[in-house]
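Please look at the sequence and the three-dimensional structure shown here. The explanation after them leads through selected parts step by step.

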Amino acid sequence: MEKKIRKLTTAQFAKLHGVNKRTLHYYDNIGLFCPDTKKDNGYRYYNISQSMEFEYIRMLKELNMSIEEIREYRENPSSDQFLKIANEKEEQIDIEIQKLNRMKKILQTKKEQIIFCETLQEQEIRIEECKAEKILVLPYDFVDDDISQIFACLKDVWSIDQIRMGIGGFISLNKVYNKDFARYDGIYTVALNDSSASNCLIKPEGKYLCGYQKGMWDKLPMMYEKMLEYAMKNRIELEGYAYEIGLNEFAISNPNDYITKIMIQMKESIE
C-alpha cells in the first residue's frame, strides 16, 4: 500500500519552520517558493517533503544572498553553481567567525578588568607576575589635545576592533625618575592576534611593580612617586618603560571612578 504524503496548510507549514505566514505568501507571490497544491478556493497546501527545500532557501537568505540571487540559482541549479556559492559563503563565514572571536576576546578582557576593579581601593601597589604580551605601538607624546586626530590615525594604522581592546600610554623610566610627564613616548594596545606587524613589540614576561590609581589622570604623578618610594624601600630595581592602561572607562558614570593601571618591569636579580 502506498504511503500517503501529508499536506500542510500555510499556517501549519509556517509553524513547523518557525516563520510568519506572510513570508510564505511573499515567497509564493514572487515565485521563489510555492506550495505543492493550490485549491480553487484559494487554500494552499505544502508537501512535507518541501521542508528541506525551504530550509536551504532560508540558509541562503541567512548567508546574505538577495532574494533575486536565490531565485536566479533556483531557476537553473547545478553542481558547479552550488559549489561556487558554497565556497564564497565559506570564506565569508570564516571572516565573520574571526570577527566574532575578536569581539569575544574584547568582551572577556573588559569583563575581567571590570570585575577586578571592584576589588580595588583608591590607591594600591602590588607586585604581579605578568605574561609576555604582544603590543602594537605608535609614537605619540600627548602634547596635542586633538583626540579626533589621533583616533583617525589609529583607525588607519590599527583597526576599530583593536582600538576597542583599549589604548594605553607608555613612558620611559628615565622620564619617570625625572618627573617629566609632559611628553610620553607613545601609545599602545594589546594585540588581538598573532599576525606580524611593523609597529609591534613584546612586553616582556616577568615581575612588574603595578600601581592602581583611582581618579583623573592628574593624580598619576603622585602614584608614580609612591611606586618609586616603594621600590626604593624594598630594594627593587626597575627597568624599561612604564605602561599605563585604563581598566573601566566604559563602566563608570563619574570620571573620579576611573582606574588606571601602571606597570613597570622589575629587574631580575642575578645571584
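The paragraphs below treat two helices, the loops that follow them, one residue of another helix, and several salt bridges. The model is a predicted one, and every value given here is computed from it.

Let us begin with helix H3, which covers residues 51-62. Helix H3 contains 12 residues, and the distance from its first C-alpha to its last is 16 Å. This is close to the 16 Å expected at 1.5 Å a residue. Which residues of H3 are buried? They are Ser-51, Phe-54, Ile-57 and Leu-60. The cover over these buried residues includes helix H1 (10-17), helix H2 (21-29) and strand E3 (44-47). It also includes helix H4 (67-75) and helix H5 (79-117).

Met-59 also belongs to helix H3, yet it is not among the buried residues just named. Its relative accessibility is 36%, and therefore Met-59 counts as partly exposed, because that class lies between the limits of 20% and 50%. Together with Met-52 and Tyr-56, Met-59 makes up a nonpolar patch on the surface. The accessible area of these three residues together is about 320 Å².

The chain then leaves the helix. Just after H3 comes Asn-64, with a positive phi of about 70°, and this residue is part of the loop between H3 and H4. The positive value occurs here in a residue other than glycine. Is Asn-64 buried or exposed? Because its relative accessibility is 67%, Asn-64 counts as exposed.

The second helix to consider is H9, which comprises residues 220-233. Helix H9 has 14 residues, which should span 20 Å at 1.5 Å a residue. The C-alpha atoms at its ends are indeed 20 Å apart, so the expected and the computed values agree. Its buried residues are Leu-220, Met-223, Tyr-224, Met-227, Leu-228 and Ala-231. Why can these residues be said to line one face of the helix? When one looks down the axis of H9, the buried residues fall within an arc of 140°, and therefore they line one face. The face turned away from this buried side carries Met-232 and Lys-233, which are exposed.

The buried residues of H9 are covered by several elements of the structure. Among them are strand E4 (123-130), strand E6 (168-172) and helix H8 (173-177). Strand E9 (206-214), strand E10 (238-246) and strand E11 (259-266) also contribute to this cover.

Helix H9 is followed by Arg-235, whose phi is positive. The value is about 55°, although Arg-235 is not a glycine. Arg-235 is situated in the loop between H9 and E10. Because its relative accessible area is 80%, Arg-235 is exposed.

Attention may now turn to Gln-113, a residue of helix H5. With a relative accessibility of 15%, Gln-113 counts as buried, because the limit for that class is 20%. Which residues does Gln-113 touch, if those up to four places away in sequence are not counted? Gln-113 touches Gly-246 and Leu-247. For Gln-113 and Gly-169, which are 56 residues apart along the chain, the separation of the C-alpha atoms is 17 Å.

The last topic is the salt bridges, of which the structure holds 16. One of them joins Lys-38 and Asp-28, whose closest N and O atoms are 3.1 Å apart. Lys-38 lies in strand E2 (residues 37-38) and Asp-28 in helix H2, so this pair ties together parts that are 10 residues apart in sequence. Asp-28 counts as buried because its relative accessibility is 6%.

Another salt bridge links Glu-122 with Lys-219, the closest N and O atoms being 3.6 Å apart. Glu-122 is found in the loop between H5 and E4, and Lys-219 in the loop between E9 and H9, so the pair ties together parts that are 97 residues apart in sequence. Both residues count as partly exposed: Glu-122 has a relative accessibility of 48%, and Lys-219 has one of 27%.

A further salt bridge connects Asp-161 and Arg-164, with 3.2 Å between the closest N and O atoms. Because these residues are 3 apart in helix H7 (residues 160-164), about one helical turn separates them. Asp-161 is buried, with a relative accessible area of 10%, whereas Arg-164 is partly exposed at 48%. Finally, salt bridges that share partners join Asp-28, Lys-38 and Arg-44 into one network.

Methods: Residues numbered from 1 in each chain as written. Predicted model: local features only at pLDDT ≥ 70, side-chain atom pairs only at ≥ 80, totals over all residues. Heavy atoms only, no water. Patch = residues over 30% accessible without salt bridge, like charges linked within 9 Å, V, L, I, M, F, W, Y side chains within 5 Å. Areas by Shrake-Rupley, 256 points an atom, 1.4 Å probe, with all protein chains shown as cover. Salt bridge = Lys/Arg side-chain N within 4 Å of Asp/Glu carboxyl O. Helix = DSSP H or I, 4+ residues; strand = E, 2+ residues; numbered from the N terminus. Buried < 20%, exposed > 50% of the residue type's maximum accessible area, 1.4 Å probe, protein only. Expected span 1.5 Å × (residues − 1). Arc of directions from axis to C-beta. Contact = heavy atoms within 4.5 Å.
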